[in-house]
Every structure is written in C-alpha cells, then in structure tokens.
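Please read the points below with the sequence and the model open beside them. They are written for a colleague who has not met this structure before.

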Amino acid sequence: MGPPVTETLDEPVELSLGDFDSHGVTRARVAQRWLEVEQGIPGEVVSARVTTGKRPQGRIIEVLKAATDRVAPPCEYFRDWKCGGCQWQHISYEGQIRRKRESVDAQMASAGIDVRVGQVHTEEPWRYRSTAGIALGRHAGFRRRASLAIVPIRDCPISHPLIGKLMATLNDQLQAGSIPDFHGRLRLDVRVLQSPRDGARMQVMVRPDQHRRPPAEDVEILLKALSDLEFVEQLAFTLITGEIELVRGDLFGTIEVAGRSVELVSGSFFQTNLKLLPSLIDRLLEEAGELKGKRIADVYGGVGIFGLFLAEHARDVAVVESDPLAIQAGERTAKAWGISNVRFLTGRAEDVLEGDGPYEVVVLDPPRTGLSDEVTNLLIAQKPERILYVSCLAQSLARDLTAFITAGYQVESLELFDFYPHTYHVELLAVLKN
Ligand SMILES: C[S@@+](CC[C@H](N)C(=O)[O-])C[C@H]1O[C@@H](n2cnc3c(N)ncnc32)[C@H](O)[C@@H]1O
C-alpha cells in the first residue's frame with residue numbers, strides 16, 4: 001500500500017513511478033488513485049509534491065532512484081516552466097528511441113500483430129522543427145503542459161532559430177506595450193521556409209480565436225508589427241468566415257525537400273522535420289517496388305509530397321486531400337516539376353475513393369485518428385497489392401492494421417522515423433502486402 005494522498009499541497013510524498021500514459025507522462029498510484037508525474041521515468045523512485053483534486057499531480061522535488069537514461073534537461077523552459085512543447089528532454093536521446101520502440105512494439109503485441117519495429121531512422125535531434133503554433137497573451141510562447149498559461153519563450157532548442165527570434169521579438173514588444181495582451185485568444189501558425197537560394201524566411205498565419213475573437217483594432221496592431229519584421233515573407237490572417245486574407249507576400253512559398261523545390265501554402269499541413277523527411281521519401285520509393293505502368297494513390301496527401309516523388313516512376317498518381325489550398329500548392333509543384341501524370345483530387349477520402357481507382361500501390365498518411373471504417377472498407381474492396389501506411393499514432397495504426405490483416409494482408413515491416421525528438425510522438429511506416 002502506498003502512502004496516503006496528502007490533502008496539503010506542500011507535503012512531499014515518496015512515489016514509485018509506473019509506465020508512461022498515452023501522453024508520455026509517468027503515473028504513480030497513491031491510495032487507490034493515479035497521479036500524473038511529469039518529467040519522471042518508469043521505475044524511478046521520487047520525492048514529489050502532490051496536488052489533490054480532480055486531476056491529481058505530482059511534481060518531482062528529488063529523484064531518489066534515477067533511471068540509467070536520466071539526463072539534465074538542457075532547456076530552461078522544459079526544466080523550470082513546464083513548457084508543453086516537449087515531454088522527454090530529461091531522457092537521453094538513446095533512451096528516448098529505445099522507449100519509443102518498446103512502446104510501439106507493446107502496442108503491436110497487445111493488438112496481436114506479429115510485427116516489431118525494425119529500422120529506426122534518426123537525424124539531428126535539436127533544431128529540427130520548421131513549424132510552430134505560438135500562443136499570444138501577456139507573453140508569446142507555447143502553453144504550459146495541461147494549462148492555458150503561456151510560457152514567455154525567447155528561444156526553443158528543438159525549433160529553427162527564426163522561430164525563437166520571432167518569439168523573443170514578440171515578448172519584447174508585449175513588454176514594451178507596443179502590441180496588446182491577447183489573453184490567449186490569438187495564435188500564430190508559423191513555418192520557416194528554407195531554400196539555398198533565398199535562405200530562411202517565415203510564413204505567418206494569424207489565427208484569432210473564432211469564439212472569443214480579440215478586438216479587430218488589436219489584430220491590426222499585431223499585423224502591422226509582424227509586417228515590419230524583415231524575415232516575415234508572407235503574412236495572412238483568418239477571417240471570421242474562415243477565409244484567409246493575405247496581408248503581405250504570396251500565399252504560397254517554396255522550400256527544398258530532397259533537392260527539389262516544393263510549394264507550400266500557409267495554414268495547410270506539412271511535415272515539420274525537414275531534415276528527416278527525405279529518409280521517409282526514400283523508404284517509400286524503395287518499398288513501393290517496381291512502379292512502371294502502375295496506378296498509385298497518395299491518400300491524405302496534403303501538398304502531394306509523397307505522390308509527387310513517386311510519380312516519376314509510375315503510370316498515374318491520384319493525390320486525395322480534403323484541403324483545397326494544399327491541393328493548389330501540389331498542383332503548382334507538379335507544374336514546376338513538369339509532371340503531368342498526377343491527378344489532384346479535392347475531397348474527403350471517403351467520397352473520392354469510391355469513384356476512383358483501383359490502384360496497385362496506396363500510400364496512406366491520415367491524421368492521428370487513423371482511417372475511418374469507410375476508407376478501410378473501400379481500400380479492402382479495391383485490393384491494392386501494396387499499402388504503405390505512414391502513421392503518427394501507434395494505437396490507430398494497430399487498429400487499422402488489424403482490419404487489413406483480417407482482409408488477407410500481411411504486415412511486412414514496421415519502421416520508426418523519429419520526426420519529433422524530445423517528445424513522446426512517433427512517426428511510423430508500415431508496409432502491407434496482399
Ligand atoms: C498527416 S497529414 C499528411 C499530409 C501529407 N501526406 C504530408 O506528409 O504532408 C493528413 C492530411 O489529411 C488531410 N485529411 C484529413 N481528413 C481527410 C479526409 N477525410 N480525406 C482526405 N484528406 C483528409 C488533412 O488535411 C492533412 O493534409
């Protein structure tokens with residue numbers, strides 16, 4: 001039996017830490033209740049201050065028995081401010097990889113799937129993020145974990161330095177009163193565009209909260225301040241209708257991926273880790289097999305990055321994507337590359353796949369929730385010979401793999417791409433053959 005839960009907030013308690021929860025946070029059981037203990041590692045014994053209530057939490061004061069892969073976190077915002085951007089900076093990088101692999105393997109085993117993580121692909125684990133969602137209130141930065149409070153960040157070691165530069169500038173301006181306090185009712189979605197020719201520039205999308213919209217005159221002041229920054233190449237903001245109004249530059253911008261120019265549009269999804277992305281593209285090209293004369297689908301295709309790279313070798317590629325602006329960016333890239341065998345289909349996969357296909361090879365890269373039953377069933381009916389499933393959540397991947405296995409597919413391999421070092425997130429590639 002563990003020690004009783006203290007009712008006082010400042011009475012330290014000795015805790016034995018259990019496994020990570022689904023958000024990469026350790027838990028400890030105290031008097032029949034689970035507590036969340038941040039910056040812990042399973043198996044450790046710690047002394048912690050416990051807060052009781054609806055969501056009991058333990059804050060480590062001292063590590064009494066440390067895991068062998070515990071390290072001192074280098075970032076003050078992680079260490080002292082509980083910044084929600086990272087969860088695992090207190091674990092060595094090797095330890096993070098081992099724990100991610102173990103966690104994915106455990107998910108597969110518990111779903112009864114006979115595959116384990118084979119290759120693990122890594123790159124430089126710092127300065128890898130090219131995108132960020134910056135919250136604006138009294139400060140500019142990222143939200144504290146499990147809180148609405150905003151950490152005043154001046155640099156983020158996992159992000160491109162330009163992202164830090166923007167946050168430092170905004171914090172200076174907030175402190176000087178030259179931009180107003182947005183009370184967390186406004187977010188900036190930023191993306192660093194990089195190419196050898198133009199260097200690093202920034203796309204900024206200003207997103208006022210649609211339900212608690214800040215005053216229009218405050219938004220105007222911010223837009224003016226942002227357009228004065230020489231590294232902001234493109235600035236836009238979302239109107240109450242959801243439409244986008246361009247303030248500065250072109251809505252589209254280019255980056256370079258694996259030596260090719262790719263068009264991106266502000267506000268649409270694109271991978272954040274541009275250093276590791278070429279490895280995933282290489283593996284897709286290898287695993288797609290001989291493509292001559294074959295029909296390919298890149299479903300949940302975004303700006304069509306995977307389909308575009310596969311198109312050179314195939315007869316025909318359909319990029320299926322619900323975001324019309326991402327589709328426009330893809331069309332621009334196809335034109336720039338002189339590719340004419342890619343069809344960009346705007347719409348939900350559930351609707352588009354019914355009237356298109358069949359395909360011999362299908363690339364899937366859905367959001368975290370994975371595939372809907374409709375999409376799974378449409379694909380099973382079309383029987384592609386290969387499915388290359390890119391996933392950012394092992395749980396939904398395991399569920400979807402089970403459906404394909406039941407329909408006669410084999411999972412040939414599972415690889416981990418560490419797109420998000422110092423966080424608990426993973427990127428996975430599962431190769432299925434029929
Ligand atoms: C994880 S992103 C992958 C994008 C792209 N493969 C890439 O690597 O940049 C998922 C994409 O699926 C799109 N999406 C979400 N639900 C969809 C649906 N039901 N049908 C088609 N696309 C969808 C999103 O707009 C987003 O661009």
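1. In this predicted model, the C-alpha centres of domain 2 and domain 3 lie 31 Å apart. The contact between the two draws on 11 residues from domain 2 and on 7 residues from domain 3. For orientation along the chain, the assignment gives domain 1 as 12-67, domain 2 as 98-124 + 273-433, and domain 3 as 131-257, and domain 2 is thus written as two segments.

2. How much area do domain 2 and domain 3 bury between them? The value is about 720 Å², and 81% of it falls on carbon and sulfur atoms. On the side of domain 2, Leu274, Leu325 and Arg332 supply 55% of the area buried against domain 3, which is more than any other three residues supply.

3. Which polar links join these two domains deserves a separate look. The count between domain 2 and domain 3 is 1 salt bridge, while the count of residue pairs in polar contact, with both residues at pLDDT 80 or more, is 0. A salt bridge is formed by aspartate 250 and arginine 332, whose closest N and O atoms are 3.8 Å apart; Arg332 is also one of the three residues named above for the area that domain 2 buries against domain 3.

4. Over the whole structure, the search finds 30 salt bridges. Among them is the pair of aspartate 80 and arginine 79, whose side chains meet at 3.6 Å, N to O. Arginine 79 has a relative accessible area of 39% and is therefore partly exposed. A further salt bridge brings together the side chains of lysine 165 and glutamate 230, at 4.0 Å from N to O.

5. The structure also holds 5 aromatic pairs. Phenylalanine 404 and tyrosine 409 are edge-to-face, because their ring centres lie 5.7 Å apart and their planes stand at 75 degrees, where an angle over 60 is what edge-to-face requires. Are these two residues buried or exposed? Phenylalanine 404 counts as buried, with a relative accessibility of 0%, and tyrosine 409 counts as buried too, at 3%; the limit for that label is under 20%. Elsewhere, ring pairs link Phe417, Phe419 and Tyr420 into a cluster.

6. Finally, two arginines should be viewed together with the tryptophan rings that they cover. Arginine 27 lies over the face of tryptophan 34, at a distance of 4.4 Å from the ring centre. Arginine 260 lies over the face of tryptophan 337, and here the distance from the ring centre is 4.0 Å.

Conventions: Residues are numbered from 1 along each chain as its sequence is written. This is a predicted model: local features need pLDDT of at least 70, side-chain atom pairs count only at pLDDT 80 or more; totals for chains, interfaces and linings use all residues. Side-chain values use heavy atoms; hydrogens and water are left out. Rings of Phe, Tyr and Trp (its six-membered ring) pair if their centres lie within 6.5 Å; planes under 30 degrees apart count as stacked, over 60 as edge-to-face and the rest as tilted. Buried means under 20% relative accessible area, exposed over 50%, partly exposed in between (1.4 Å probe, protein chains only). A charge sits over a ring if NZ of Lys or CZ of Arg is within 6 Å of the ring centre and within 35 degrees of the ring normal. Domain bounds come from an automatic or database domain assignment. Contact means heavy atoms within 4.5 Å. Buried area is the accessible area (1.4 Å probe) that two parts lose on being put together, summed over both. A polar contact is a pair of N or O atoms within 3.5 Å; within protein, one must be able to donate a hydrogen and the other to accept it, and residues adjacent in sequence count only if both atoms are side-chain atoms.
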